[in-house]
Amino acid sequence: MSTPALLDILCLGEPLFEFAEMPDGHWQGGIGGDVSNVAIAARRQGAKTGMLTRLGNDSFGDAIMAAWADEGVRAEAVARVPTAPTGLYFIRQTPQGHAFEYRRAGSAASLMTPADLPRDALAACRLLHVSGISQAISDSAAAAVHEAMTIARMAGGAVSYDTNLRLKLWPLEKAREVIHGAMTRADIALPGLEDARHLTGLEAPEDIARFYMDLGPHTVALTLGAQGALVATKAAMTHIPPRPADAVDASGAGDCFDGAFLAEWLRRGDPVSAGHYAVTAASLSVEGIGAVAPIPNAQEVRAAMNAG
């Protein structure tokens with residue numbers, strides 16, 4: 001790893017190589033992973049983004065690195081390790097919709113520890129983005145995320161956290177303890193409504209937003225699916241109405257929201273404006289197939305906002 005240039009957003013977590021089953025029965029390769037999707041989404045909005053992670057020294061890691069290079073996502077803080085593989089996941093088409101299967105146990109990213117963190121990279125970003133999945137993949141990764149959040153904030157950067165609850169990775173009680181502990185070190189909380197209902201036991205979006213603000217973040221952007229989003233600050237709560245969309249595939253819509261929200265928040269400093277922007281971006285992303293391919297760029301988002 002080499003010392004990275006100053007970044008707007010550094011995303012810490014596990015990227016995955018994707019195998020997606022097509023309607024004709026063939027399999028198509030791609031890349032996935034929530035924080036990787038966020039890095040790509042924010043980059044397409046014009047932010048300077050990078051990844052902090054570990055990849056296997058294998059062809060799947062090569063493909064992920066090549067995809068980031070094509071997108072302009074910086075990878076100086078990515079370590080390639082020969083002793084563990086890159087994580088994989090498979091998407092099958094079923095009558096009930098998409099079915100996901102993961103092969104990530106013992107992956108290079110899951111073996112990350114606090115000692116592996118490049119402190120210079122964490123000090124050279126305006127904002128560090130992490131998620132519940134970043135911590136769910138292993139206890140050592142959870143500890144690394146906590147340490148990274150501390151380093152970034154001590155260097156004067158902001159921290160954003162998406163709850164991204166995955167109960168196949170850890171039990172609810174442990175997830176609640178770790179995620180809410182991390183939220184006390186976050187500046188921006190990015191929960192999804194269903195995840196937050198599981199984690200908090202609350203139902204109303206306004207109550208959930210207050211819960212997360214009480215933990216410490218100064219801004220909560222709660223995604224509400226087809227109902228838009230709720231953006232809460234110390235000053236006010238603002239419901240962001242949805243943009244009508246011809247939804248085809250909601251894969252990665254939350255990640256698109258996160259990346260667009262963070263890029264626009266860094267650009268303008270206004271969470272409500274960022275909320276409107278991110279809702280529009282996410283609505284465009286569900287009109288295509290896959291998590292990455294339909295993520296819009298800034299021109300497409302602004303055109304949709306002007307048209308609406």
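Tutor: Two strands pair if DSSP finds at least two bridges between them, and we shall use that rule on this structure, which is a predicted model.

Student: How do you know that β4 and β5 pair, and in which sense do they pair?

Tutor: Strand β4 (residues 49-56) and β5 are joined by six bridges in the parallel sense, and since the rule asks for at least two bridges, they count as a pair. One of the partnerships links Arg54 with Ala79 of β5.

Student: What makes β5 and β13 the edges of the sheet?

Tutor: The order of the nine strands is β5-β4-β1-β8-β9-β10-β11-β12-β13, in an open sheet with mixed pairing. Both β5 (74-81) and β13 (237-240) have a single partner strand, so one side of each is left without a neighbour in the sheet.

Student: Why is α10 called roughly perpendicular to α11?

Tutor: Helix α10 (residues 271-285) packs against helix α11 (residues 298-307) at an angle of about 105 degrees, their axes being 9 Å apart. Angles of 65 to 115 degrees count as roughly perpendicular, and therefore α10 is roughly perpendicular to α11. On the α10 side, the contact is made by His276, Tyr277, Thr280, Ala281 and Leu284, while α11 contributes residues including Val301 and Met305. The residues of this contact divide into seven nonpolar, two polar and two charged.

Student: How do you know that the buried residues of α7 lie on the same side of the helix?

Tutor: In helix α7 (residues 193-200), the buried residues are Leu193, Asp195, Ala196, Leu199 and Thr200. Around the axis they cover an arc of only 155 degrees, which puts them on the same side of α7. Among the elements that cover them are α6 (172-183), α8 (205-215) and β11 (219-223).

Technical notes: Residues are numbered from 1 along each chain as its sequence is written. This is a predicted model: local features need pLDDT of at least 70, side-chain atom pairs count only at pLDDT 80 or more; totals for chains, interfaces and linings use all residues. Side-chain values use heavy atoms; hydrogens and water are left out. Axes are lines fitted to C-alpha atoms, for helices over the stretch in contact, and angles run from 0 to 180 degrees between N-to-C directions. Helices (H or I, at least four residues) and strands (E, at least two) are DSSP runs, numbered from the N terminus. Angles under 35 degrees count as roughly parallel, over 145 as roughly antiparallel, 65 to 115 as roughly perpendicular and the rest as oblique. Contact means heavy atoms within 4.5 Å. Ala, Val, Leu, Ile, Met, Phe, Trp, Tyr, Cys and Pro count as nonpolar, Asp, Glu, Lys and Arg as charged, and the others, Gly among them, as polar. Buried means under 20% relative accessible area, exposed over 50%, partly exposed in between (1.4 Å probe, protein chains only). The arc is that of the directions from the helix axis to the C-beta atoms.
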